[in-house]
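Open the model in your viewer and show it as a cartoon. The tour below goes from one selection to the next and says what is found at each stop.

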Amino acid sequence: PPPPPPPPPSNSTPTAFPPPAPPPSYDAAAFESPRCLLRHLELHPNATQGGVVFEVNAAGGRVLGYTILYNGTARHDHLLPMQLALDRALLEFYSDDDAATIEPSHMPYPAGKPRFLQMNIIQVAGPIFFYCPAMFVFILISNRMVWEKEFHLRTGMKLMGLKLAAYWGSWVFTALVFMLCTISIMMLCGHLFSFEYFTNVEFVPLALAFFLFSCSCIAMAMLCSAVLGATSYANTVAFSVFLVGFFLQLIFSVIPVHFWWSTTAPHIWYHLFVLYPPFNFAKCLADFALKAFPHFDLAEGGFVSGPGYKTADLFSPVLVEKLYGNRDFYAPPTAWSMVFLALNSLALFLTAVVLDVAWSDPERMWRLLRLLGSEFRPRRRRAAAPPAHMLVVSRASKHYGPAWLRSARAHLSRCLPSYCSRILLAPPPPPAVDRLSVSATSGSVLCLLGHNGAGKTTTVGMITAAMPPSSGEISVCGFDVAEHPDEIHSIVGLCPQHDLLWDELSPYEHLMVFAGMKGIVLDPSAMLSSVGLSEVAHSPSKMLSGGMKRRLSVAICSIGSPRVLVFDEPTTGLDPIHKRHVWQLISDLKRDRIVILTTHCMEEAAYLSDQIAILSSGRLLVLGNPLSLRNKHGVGYRLNIQIPPQFEGALVTMFESSFFGFEMVAASAGSVTFSFRSEAMTLFPSVLQKLQSDFPVRSMSLSFNSASHSNCHCSLLSPLSIMSICSGLWFGLGAVVSRWSWYPFEMLN
């Protein structure tokens with residue numbers, strides 16, 4: 001080293017650096033600090049090939065590393081020898097092995113580890129991707145369940161003996177099959193594309209999270225089906241739930257789910273979010289991502305692969321490091337979220353069942369609530385032997401809506417002044433059936449006749465225990481419909497107004513399905529042969545004609561030889577040929593059974609029924625057999641004469657002058673029709689004799705008089721005395737069918 005500079009005189013100011021000196025003649029120089037080295041390089045530019053700054057441990061004096069400074073404007077050929085000389089010197093100084101040496105070699109430039117966050121779309125958007133498939137199944141299941149409800153297929157299955165537990169269980173099983181197929185496809189594709197959610201997470205926790213979320217989606221679908229009654233509403237609500245959940249999952253992806261457990265987030269939010277199943281599912285996926293995906297490691301200086309999520313990690317708290325400026329904190333374990341998913345599913349399913357019972361049968365729900373507060377005593381079952389009258393309806397009424405609401409309205413109307421009750425309380429809706437009393441015996445057909453909205457279908461629903469009466473009693477074969485609905489379903493067969501058929505199933509499969517619901521063994525081929533459907537036994541029901549579908553419905557309602565058969569407008573919309581076939585089937589089935597028929601067709605009522613009850617606005621107007629009603633309320637006969645057109649005027653003049661009581665109804669193209677009452681029947685032989693002698697009669701027909709449906713509808717809205725008289729007009733045309741074969745007129749010579 002160069003000699004130290006002379007000390008400055010005492011009267012001079014000390015300097016921080018030595019004065020400039022000429023360039024030294026030696027090859028190396030040592031300095032006390034890096035600052036002195038840099039000062040020397042500044043004072044002697046382009047005079048130094050390089051320098052070395054050593055990093056020394058202050059405690060032990062050991063060299064930890066060094067930095068080579070070099071002249072960027074000169075050639076750098078000396079850098080590698082300089083580094084090699086330094087490394088050899090350090091190795092020799094600190095090593096006891098004299099034979100140790102360092103040999104340099106040229107290698108490619110190594111790729112450094114990334115020091116900045118690299119976006120992984122599966123990690124960030126995984127909650128959205130895995131949310132959508134399960135919600136699509138949710139939309140499908142809710143649509144199909146509401147479809148069965150809207151088209152009364154569920155009601156038909158219930159009346160055929162299907163239990164509530166079997167119904168819900170079958171849909172849960174069907175939905176689980178769809179969900180398991182969806183989960184299997186997702187996991188298979190995830191493994192094929194090597195997504196860390198599937199390759200770095202063990203099967204048990206991943207499958208458990210998907211399964212529990214699927215169960216919650218199934219429960220949500222059942223809740224929608226319980227409160228909705230139309231597929232259009234179901235589709236709207238289901239897609240709305242899907243879209244709202246999609247945006248929430250998007251929020252849970254942008255703002256990590258674990259943030260809601262940090263110290264800066266209000267804790268009220270995660271208390272609310274845990275009630276929402278997709279949030280718990282997103283929490284499970286976020287827990288998996290923390291250990292399955294690469295993360296930045298300060299010690300390694302870059303991203304390193306995750307350790308993987310094991311089954312044992314389900315019960316360990318989740319460590320979240322420095323999220324949004326928060327200190328490290330622990331989130332609840334993954335098992336905590338899975339437990340909440342299971343509780344969500346159970347709560348939604350129980351709510352769906354309770355609302356389904358309350359919506360479909362408010363009276364039953366009200367009785368159940370009252371039963372929970374009282375001591376349960378099993379009722380003694382009545383004897384199964386049928387009484388003389390197999391069907392007894394005694395002052396039965398049906399009000400829609402819960403009984404407590406009607407009671408509250410009546411109580412308030414009594415407490416409030418009359419003018420206040422009229423203003424504050426809406427008038428109660430009229431009853432669908434009002435104090436109906438009828439009875440029927442075995443081997444007979446009871447026809448409920450009336451216009452649309454008269455209460456026929458509601459009466460049928462009460463008789464079949466589909467809806468219990470609000471008041472009164474209904475007994476079928478000794479069983480009360482309100483107390484023994486299961487027994488009623490086993491002895492009653494219903495052919496509803498609309499065919500309860502699945503388009504994809506064949507007639508053979510329909511009979512097998514409904515026979516299984518009733519728990520009986522059935523030979524479908526023999527039953528299909530009896531209704532003339534053998535040739536289409538294995539064709540889808542959507543390929544059948546309207547008449548074939550009605551015959552299939554008749555066959556379904558007669559499964560198990562029920563003691564009571566109920567037909568709700570069985571021939572609506574059928575042509576005369578198919579209508580005749582259905583009539584014949586009903587006539588053959590009434591032996592040793594009681595048959596209840598609802599219709600607004602005069603001809604059908606008179607041909608099939610042994611007893612007719614005419615309803616209007618839920619009240620019974622007329623009750624009796626067709627003949628007695630026709631004799632009591634009939635309006636006479638109708639005579640149609642076919643003659644050449646030029647004789648029409650003379651024929652009309654002859655009747656007006658010679659035969660009192662005959663009134664011309666219509667005359668057109670040689671067809672003249674006269675109407676007359678029963679009292680004028682004594683003149684009929686004279687009429688025939690006069691016609692035969694004075695007019696070239698081509699043909700002649702005689703029939704009972706009839707009335708149009710419009711007249712009948714108006715008559716049912718008029719006072720009771722007029723209704724009783726006009727309602728007899730309904731049976732005129734039917735009497736012709738019963739007395740004069742199938743044709744509307746019988747030709748007379």
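Begin with helix α15, which lies across β7, β8 and β10 and runs at about 120 degrees to β7. Bear in mind throughout that this is a predicted model.

**The four-stranded sheet**

Keep α15 on display and add the strands beneath this contact. They belong to an open sheet of four strands in the order β8-β7-β10-β11, with antiparallel pairing. Colour β8 (433-440) and β11 (479-480) separately: these are the edge strands, and each pairs on one side only.

Next select residues 391-398, strand β7, together with residues 471-476, strand β10; five bridges hold this antiparallel pair. For a single bridge, pick Ser-394 and look across to its partner in β10, Glu-473.

**The six-stranded sheet**

Now move to the other sheet. Six strands make up an open sheet with mixed pairing, and their order is β12-β13-β14-β9-β15-β16. At its edges are β12 (492-495) and β16 (619-624), each paired on one side only. On average, and ignoring direction, neighbouring strands here are turned by 15 degrees against each other.

Select strand β9 (residues 445-449) and strand β15 (residues 611-616): the two run parallel and are joined by four bridges. Cys-447 is a useful residue to label, with Ile-612 as its bridge partner in β15.

Return to α15, residues 456-463, which also packs on this sheet. The strands that α15 touches are β9, β12, β13 (564-568), β14 (594-599) and β15, and the helix direction makes about 155 degrees with that of β14. A view centred on α15 therefore takes in contacts with β7, β8 and β10 as well as with the strands just listed.

**A buried alanine**

Select residues 546-557, helix α19, and find Ala-555 within it. Is Ala-555 buried or exposed? Its relative accessible area is 1%, so Ala-555 counts as buried, the cut-off being under 20%. Leaving aside residues up to four places away in sequence, Ala-555 touches Leu-511, Met-527 and Val-531. Then draw a distance from Ala-555 to Gly-493: the residues are 62 apart along the chain, and their C-alpha atoms are separated by 9.8 Å.

**Helices α7 and α10**

Two helix pairs remain on this tour. For the first, select α7 (residues 203-227) and α10 (residues 277-292), whose axes lie 10 Å apart at an angle of about 170 degrees. The pair is roughly antiparallel, because the angle is over 145 degrees.

Show side chains at the contact. From α7 come Pro-205, Leu-206, Ala-209, Phe-210, Phe-213 and Ser-216, which meet Pro-277, Pro-278, Phe-281, Cys-284 and Phe-288 of α10. By class, 10 of these residues are nonpolar, one is polar and none is charged.

**Helices α23 and α24**

For the last stop, select α23 (residues 648-658) and α24 (residues 684-694). These helices pack at about 150 degrees, with 12 Å between their axes. That angle makes α23 roughly antiparallel to α24, and their crossing is right-handed.

Which residues of α23 and α24 make the contact? On α23 they are Leu-651, Met-654 and Phe-655, and on α24 they are Val-687, Lys-690 and Leu-691. Five residues of this contact are nonpolar, none is polar and one is charged.

Key
Residues numbered from 1 in each chain as written. Predicted model: local features only at pLDDT ≥ 70, side-chain atom pairs only at ≥ 80, totals over all residues. Heavy atoms only, no water. Pairing = 2+ DSSP bridges. Axes fitted to C-alpha atoms, helices over the stretch in contact; angles between N-to-C directions. Contact = heavy atoms within 4.5 Å. Parallel < 35°, antiparallel > 145°, perpendicular 65-115°, else oblique. Left-handed = near helix turned anticlockwise from the far one by under 90°. Nonpolar A, V, L, I, M, F, W, Y, C, P; charged D, E, K, R; others polar. Buried < 20%, exposed > 50% of the residue type's maximum accessible area, 1.4 Å probe, protein only.
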